[in-house]
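Please open the structure in your viewer and keep the selection tool at hand. The tour below proceeds from one selection to the next.

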Amino acid sequence: SIYEMFGNECCLSTGEVIKVIGFKINKLIASICENNEVSQFSAKVELPLDFPGLYKVVADKTPYVSIQEITRKFSIGPTRFGHPCFYSPEDIKLANFTIKRGEQITFNSVEEVSGMMAVNCGVIRNNQTHYFTLPLSREGIFYECEDDQIYTLKEIAEWKIPKCRNRIVKLSNALHTWDSSNPLPENFDGCLILTPVYEVQAVMKFRKDIVHILSDLDVEVKDITDCYDINSFLQPLSLEDVFEKTSKEFPMVAEIMEGPSGSQKPYNILNTGKEIVIYKKYQATRVLASEIRSDSPKRHFLIPMSYKGKFKRRPREFPTAYDLEIARSEKERLHVVATKAFDSPYKELFSVSVGDQFLVQQCQTSEVLYEGRKKLIDVLTCEQILSDTYKKVLLPMYMEGGFVEVIHDKKQYQISEICKEFHLPFNVKVSVRDLSVEEDVLAAVPGLQFEEEITDSYLLISIASSPMESWEIPVYRLNMSVHLLSKDVQTIVPPVTKTTVEEISEEQYYMVRRYENPTLHPPPRPPKKPA
């Protein structure tokens, strides 16, 4: 029979040899959940993997009875999602270590240890991680730990649904407004039971692309793995697989088996069948920037340090006096205008009117009289700008007001200068577009907020047939498969790297902020207003 699959004709003939290279969830069947059971009033709805929203995973109450069962059901690997956590209701005694009951065990990787397959695990005690291994043959009762992270449906499908089990999730944050095409009820904020529908990914002897076969297709097959030379098939690799190769193996030539989607260059030229040169793997810095606008959705960008456009400053807004303290710098005095009035409960501190202008100085403690008693509080010293003089005033740090920056600096900055000279977040607009690219997507944005610098994983590639320019492609945000060719690389030195400003979705924006910078802590909350 000939089946139409994802736009590719695929002939599954009797006697055809198919090498199964993996299987993944194609879509999810969702039912509204009440008390961990399907609601009797709930209809089943089909959710695509790109269905919007962020979700919390509800821990499965059904226990696992061995380490081997866990490794078979869960994806355990080097990426940040592949570290599931479990606990045992009883102590586990090892040769030189005892895992206490209820203690969270993180599963990091599976490998051979002393001729026996085992899981590398970790337990955190007193802010210190203790590492140990558990053999796959180890039996016992293991429960899944609660997970306080939030995920997209795609991440849940790839990493958080155990094989042959359903998964209960709770909607944490709907990213888009509800409309009539949404299969879930309006204002829904409850739990869903997700049942996966799989597709088998396979390669065939005389095809250079990956074939996708739905798991409910009525085809009978026989396992011939033990009596067939599987090396005669192509070996598809994801970008993550390529990135895990050692630096000595680069550069390499590869043919694209499955290209990415997207109209932006270079994604629109990375078509199936094209040969590419992969020069090296590395970590690169990007500036995470968001469009400045009051309504949503905002656009989000990852800007490389090689961006050749120039920026002018735009006024920042500060909701509290505490934010003024964070933003001030030794390089220049911060000049702001009050946009909201504030009446001080202390006569020693200043009451602000709309339109008052200040030069911010520094934080200090000040003595105030409150209900007949003296006490020390944190204040921000400022100079109020009057018509012909300056007046020293004190603002309480907890002050909930509103301030807008007054910009005196007319200089144009490169992106590297901004990151070096100023604290982020920082507001800018493009004053000179990047002339090295055909279309500068940032030039049309009226205002940008540079939020933070991040470090991400990239591969440097060029098209083998026209190696005049090279491109940096993100490893974890590009869905692309290649197979390596045994060809020599003609040019070892990569050509000129083209600047690519990557526009990312709202879901990707949350993932970048959450995972790329886990050590970045929010500033402490400002002091509370006195009762």
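**A tour by selection**

Begin with Cys121, which is buried, with a relative accessible area of 1%. Please bear in mind throughout that this is a predicted model.

Keep Cys121 selected and add Cys85, which holds the closest cysteine sulfur. The two sulfur atoms are 9.9 Å apart, too far for a bond. A disulfide is a covalent bond between the sulfur atoms of two cysteines. Next, select Cys33 together with Cys191. The closest cysteine sulfur to that of Cys33 is in Cys191, at 5.4 Å, which is again too far for a bond. Cys33 is buried, its relative accessible area being 9%. How many disulfides does the count come to? The count is 0; a pair of sulfur atoms would have to lie within 2.5 Å.

Now select strand E24, residues 334–338, and strand E25, residues 357–370. These strands run antiparallel and are joined by 4 bridges. To see one pairing, pick Val336, whose bridge partner in E25 is Phe358.

Extend the selection to strand E26, residues 373–385. Strands E25 and E26 also pair in the antiparallel sense, over 12 bridges. Here, Cys363 has Leu380 in E26 as its bridge partner. In a regular strand the side chains alternate between the two faces of the sheet. Then look at the hairpin of E25 and E26, where 2 residues lie between the strands. In this hairpin Glu371 takes a positive phi, near 55°.

Turn next to the aromatic rings, which form 14 pairs in the structure. Select Tyr413 and Phe422: their ring centres are 5.4 Å apart and their planes stand at 85°, so this pair is edge-to-face. Add Phe426, which forms a stacked pair with Phe422, with 4.5 Å from centre to centre and 20° between the planes. Are these residues buried or exposed? Tyr413 is buried, at 2% relative accessible area. Phe422, at 11% relative accessibility, also counts as buried, and Phe426 is buried as well.

For another group of rings, select Tyr64, Phe74, Phe86 and Phe107, which ring pairs link into a cluster.

Finally, select two places where a charge meets a ring. Lys281 lies over the face of Phe243, 5.1 Å from the ring centre. At the second place, the charged end of Arg286 sits over the ring of Tyr458, at 4.2 Å from its centre.

Conventions. Residues numbered from 1 in each chain as written. Predicted model: local features only at pLDDT ≥ 70, side-chain atom pairs only at ≥ 80, totals over all residues. Heavy atoms only, no water. Pairing = 2+ DSSP bridges. Phe/Tyr/Trp six-rings, centres within 6.5 Å; stacked < 30°, edge-to-face > 60°. Buried < 20%, exposed > 50% of the residue type's maximum accessible area, 1.4 Å probe, protein only. Lys NZ or Arg CZ within 6 Å of the ring centre and 35° of its normal.
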